[in-house]
Amino acid sequence: MTTELWEYRPGSHHAADLTLVGYEVEATDGLLGRVDQDAGDHLLVDTRPWVPGAPVLVPVGLVARIDHLELVVHLDCPRARVSSAPPPAALDRAPLDAHGAG
């Protein structure tokens with residue numbers, strides 16, 4: 001089963017009435033940063049603890065689960081996958097095809 005990149009997965013514990021701003025973001029290999037903006041279909045993550053001055057855009061389809069008690073968003077990928085994404089200002093929101101091309 002494939003999950004849309006811009007939609008939360010079933011079972012991720014996403015709550016539409018709660019913002020994730022301030023939550024820590026954990027990749028499979030460690031801390032990525034904190035959520036600065038929750039735009040519904042993506043999270044803007046401040047990565048200063050890991051990459052100084054480099055905010056990254058994380059599509060919500062990468063969220064494996066959300067722990068609302070500990071205030072942590074768990075991703076299903078390593079930090080390198082997220083850091084290789086284009087900067088938020090360069091994002092072209094055209095739909096991606098099955099091979100990831102716009």
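**Start with confidence.** Colour the chain by pLDDT. Among its helices and strands, confidence is lowest in helix 1, residues 79–83, with a mean of 86. Confidence is highest in strand 6, at 98. Keep in mind that this is a predicted model. Over the chain, pLDDT averages 84. Residues scoring at least 70 make up 79% of the chain.

Now select residues 94–102. Here pLDDT stays under 50. For this stretch the model has five contacts beyond four places in sequence.

**Show the cartoon.** Switch to the whole chain. How many helices and strands are there? The chain has one helix and six strands. Walk along the sequence and you meet the pattern β-β-β-β-β-β-α.

**Select the six strands.** They form an open sheet. In what order do the strands lie? The order across the sheet is 4-3-2-1-6-5, and the pairing is mixed. Look at the two edges next. Strand 4 (56–59) and strand 5 (63–67) stand there. Each has a single partner strand, so one side of each is left without a neighbour in the sheet. Turn the view and compare strand directions. Neighbouring strands of this sheet are turned by 35° against each other on average, direction ignored.

**Zoom in on strands 1 and 6.** Select residues 24–27 for strand 1 and residues 72–75 for strand 6. These two strands run parallel, joined by three bridges. Now pick Val 25. Which residue stands opposite Val 25 in strand 6? Val 73 does.

**Go to Ser 12.** This residue is found in the segment before strand 1. Is Ser 12 buried or exposed? Its relative accessibility is 1%, so Ser 12 counts as buried; the cut-off for buried is under 20%.

Show what surrounds Ser 12. Leave out residues up to four places away in sequence, and Ser 12 touches Val 63, Ala 64, Arg 65 and Ile 66. Check the pair Ser 12 and Arg 65. They are 53 residues apart in sequence, yet 4.0 Å apart in space, C-alpha to C-alpha. Then add Arg 9. Its backbone oxygen lies 3.0 Å from a polar atom of the Ser 12 side chain.

**Step to His 13.** His 13 is also placed in the segment before strand 1. Look at its backbone: phi is positive, about 70°, although His 13 is not a glycine. How does its surface compare with the cut-offs? His 13 has a relative accessible area of 52%. Exposed means over 50%, so His 13 is exposed.

**Jump to Leu 71.** Find Leu 71 in the loop between strand 5 and strand 6. Which sign does phi of Leu 71 have, positive or negative? Phi is near 60°, a positive value in a residue other than glycine. Leu 71 has a relative accessible area of 40%, so it is partly exposed.

**Zoom out.** Bring back the whole chain and turn on the surface. The accessible surface comes to about 6100 Å². Carbon and sulfur atoms account for 54% of that surface. Next, think about what lies inside. Of the 102 residues in the chain, 30% are buried.

End with contacts across the chain. Take those between residues at least 6 apart in sequence. What share of them joins residues at least 24 apart? The share is 49%. You have already visited one pair far apart in sequence: Ser 12 and Arg 65, with their positions 53 residues apart in numbering and 4.0 Å between their C-alpha atoms.

Note on methods:
Residues are numbered from 1 along each chain as its sequence is written. This is a predicted model: local features need pLDDT of at least 70, side-chain atom pairs count only at pLDDT 80 or more; totals for chains, interfaces and linings use all residues. Side-chain values use heavy atoms; hydrogens and water are left out. Two strands pair if DSSP finds at least two bridges between them. Helices (H or I, at least four residues) and strands (E, at least two) are DSSP runs, numbered from the N terminus. Axes are lines fitted to C-alpha atoms, for helices over the stretch in contact, and angles run from 0 to 180 degrees between N-to-C directions. Buried means under 20% relative accessible area, exposed over 50%, partly exposed in between (1.4 Å probe, protein chains only). Contact means heavy atoms within 4.5 Å. Accessible areas come from the Shrake-Rupley method with a 1.4 Å probe; for residues, only the protein chains shown count as cover. A polar contact is a pair of N or O atoms within 3.5 Å; within protein, one must be able to donate a hydrogen and the other to accept it, and residues adjacent in sequence count only if both atoms are side-chain atoms. pLDDT is the predictor's confidence in each residue, from 0 to 100.
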